[in-house]
Amino acid sequence: MQVHKDIKVELDETLEEKLQLLSPDFSHYRILKKSIDARKRHAPHEVYTVEVYKKGESEKLPKFEFKKQKWTKNPPVVIGSGPAGLFCALRLVEQGIPCILLERGNPAEKRIFSINKFWRYGVLDPNDNVCFGEGGAGFFSDGKLITRIKSHHIPYVMDRLVQFGAPEEIRFLANPHIGSDKIRRIIPQIRKFLTEHGCEIHFNTIFSELVIKDGSVIGVQTQDGREWRSEHIVLATGHSSDEVFKDIFKKKINIEGKSFAIGLRIEHSQNFIDRTQYGIYCEHPKLKAANYKLADHDKKSGVGVYSFCMCPGGYVLSSGTDPDGIVVNGMSNYNRNSPFANAAIVVSVDHQKLFGKDVWGGLRLRKDLELLCFEAVQARGGTHQVPVQITTDFIEGRLGNALPTSSPSGAVAVDFNQILPDLISSPLKKSLKSFNKKIPGFISTESQLHGIESRTSSPIRIPRNPQTLQSTSHKNLYPAGEGAGYAGGITSAAVDGVRIAEAIVNSI
Ligand SMILES: Cc1cc2nc3c(=O)[nH]c(=O)nc-3n(C[C@H](O)[C@H](O)[C@H](O)COP(=O)(O)OP(=O)(O)OC[C@H]3O[C@@H](n4cnc5c(N)ncnc54)[C@H](O)[C@@H]3O)c2cc1C
């Protein structure tokens, strides 16, 4: 077996042609990494790292099998079935550890109906929406699996996603992406595996409080009056359950304010983004819907503005969890074939600088801005639509008209200058102008801002011991995933769930 790194394959070449030159006697190969290099200095091309094998050699595929544990204690209770909760439960049952999974929303198949009702008619189910329900916030997502974390658990997460139906290519693509349509089919497969291997799942079951004795968490209560006792409670409730944060604060669990980011989601035509990124090659069949990544940092103020969760060929979604608040996010299907491209452009919110010791400062700012967006839409005669503003109107400070949008909720024109505090709107405008230099036309009468992108990550952290991964104030409590401040995206949340499962195994 031989490894060839960074093989450059032009758009009109094939990988096999290149391999014939590099290893004339190769019989088969396995792609370890594939990316598209579309930097402007040259024509876009593919870059591969490949393992090639001669006849008779077999591929060395990674295998993930685990030692079965002897478990005599109460089953661990995992609260929340987002990527963190699901992967924690998965890793537990794979080791022979039964567990209980509590989820406030519906199973995936039913959840779609609640979400459609909200988008079409504005009827919000507070327990079953774009953020809550089986699959968590990751369920209705673009399904980008890219992450900045480094972890030896990432190949395991990809492997299991493939096992449950994700495309094989996520193992090697530099920008792995599943798409909302495929994720929706993968989640029920994970559920089937979990229930067949010792995980008891309770939907429509809302965690209400922790049961604490002598400084240790010994169980949980749910809103329907039931109680589960366990020495292992995994809190993987995401960053949108304000009442969970309030309950654990009341119970004197250590929590702290965390920096996060807030901004608006910009939408262009995908065609425009393709042209800016690929130039004359933009219609080449080998090139998929183009993306971009932008960042700007103001040295003097320390404020960063950056593009986040870019969704080529995607949709802007209304994704709030409160009846009187509007939040946006983005998603796309596997083929990324909507005519729109959207990305959040967010401004960093430094917790320490802005709120000091006030733990709730970030959460309050987030809630206030979501409410202001809701009120602005109502004031303009709307109901549940997403507030929008043409980018040039935002820059020039005038209320204009709304452009067509990809959002299934529809749109109402507002003036974000009347909504956003200066600490968000000033850096946002400054950086939009700088991004316009990198991508000419980024600001135009044909691009539109949607508000508000306020749930980029959690404004709260639940600190934990770096070795045991248990709360720093209470034994037996394992804060997990994005809501606990230990993940920012599907892959990192899933990896965190796996780490928690490992910590539970190590605790026995
Ligand atoms: C529309 C959208 C698109 C996104 N796109 C991407 C993307 O392309 N790539 C990416 O990496 N990330 C994306 N994200 C972010 C990603 O989804 C999250 O980072 C990830 O889901 C966090 O995982 P988690 O398990 O920590 O929490 P969550 O996914 O938020 O899951 C928390 C779970 O806990 C449940 N829960 C909450 N409170 C309770 C309670 N009291 N009782 C019982 N259950 C409760 C919720 O119902 C939910 O199922 C997107 C998010 C959204 C909203």
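This is a short tour of a predicted model, from the whole chain to the domains and then to the ligand.

**Whole protein.** Start with everything shown as a cartoon. The protein has 12 helices and 22 strands. Its C-alpha trace spans about 70 × 65 × 45 Å along the principal axes. The radius of gyration is 23 Å, which agrees with the value near 23 Å for a compact globule of 508 residues. Colour by burial next: buried residues are 49% of the 508. Of the contacts with a separation of 6 or more, 71% join residues 24 or more positions apart.

**Domains.** Colour residues 2-53 as domain 1, 77-256 together with 462-506 as domain 2, and 259-453 as domain 3. Domain 2 is thus given in two segments of the chain. The centres of domain 2 and domain 3, taken over C-alpha atoms, are 27 Å apart.

**Where domains 2 and 3 touch.** Select the contact residues: 20 from domain 2 meet 19 from domain 3. On the domain 2 side, helix 5 (residues 180-196) gives the largest share, three residues. That side is made up of nine nonpolar, six polar and five charged residues.

**Ligand.** Now select the ligand and the 45 residues that surround it. Label G80, G82, G136, G238 and G481, which are the closest. Then show helix 2 (83-94), strand 16 (328-332) and helix 12 (490-506); each supplies at least two residues of the shell. Coloured by class, the shell has 19 nonpolar, 21 polar and five charged residues. Return to the domain colours to finish: domain 2 and domain 3 both give residues to the shell, so the ligand lies between them.

Key: Residues numbered from 1 in each chain as written. Predicted model: local features only at pLDDT ≥ 70, side-chain atom pairs only at ≥ 80, totals over all residues. Near = placed C-beta within 6 Å. Helix = DSSP H or I, 4+ residues; strand = E, 2+ residues; numbered from the N terminus. Nonpolar A, V, L, I, M, F, W, Y, C, P; charged D, E, K, R; others polar. Domains from an automatic or database assignment. Rg over C-alpha atoms; globule rule 2.2 N^0.38 Å. Buried ≥ 20, exposed ≤ 12 C-beta atoms within 10 Å, placed from the backbone. Contact = placed C-beta atoms within 7 Å.
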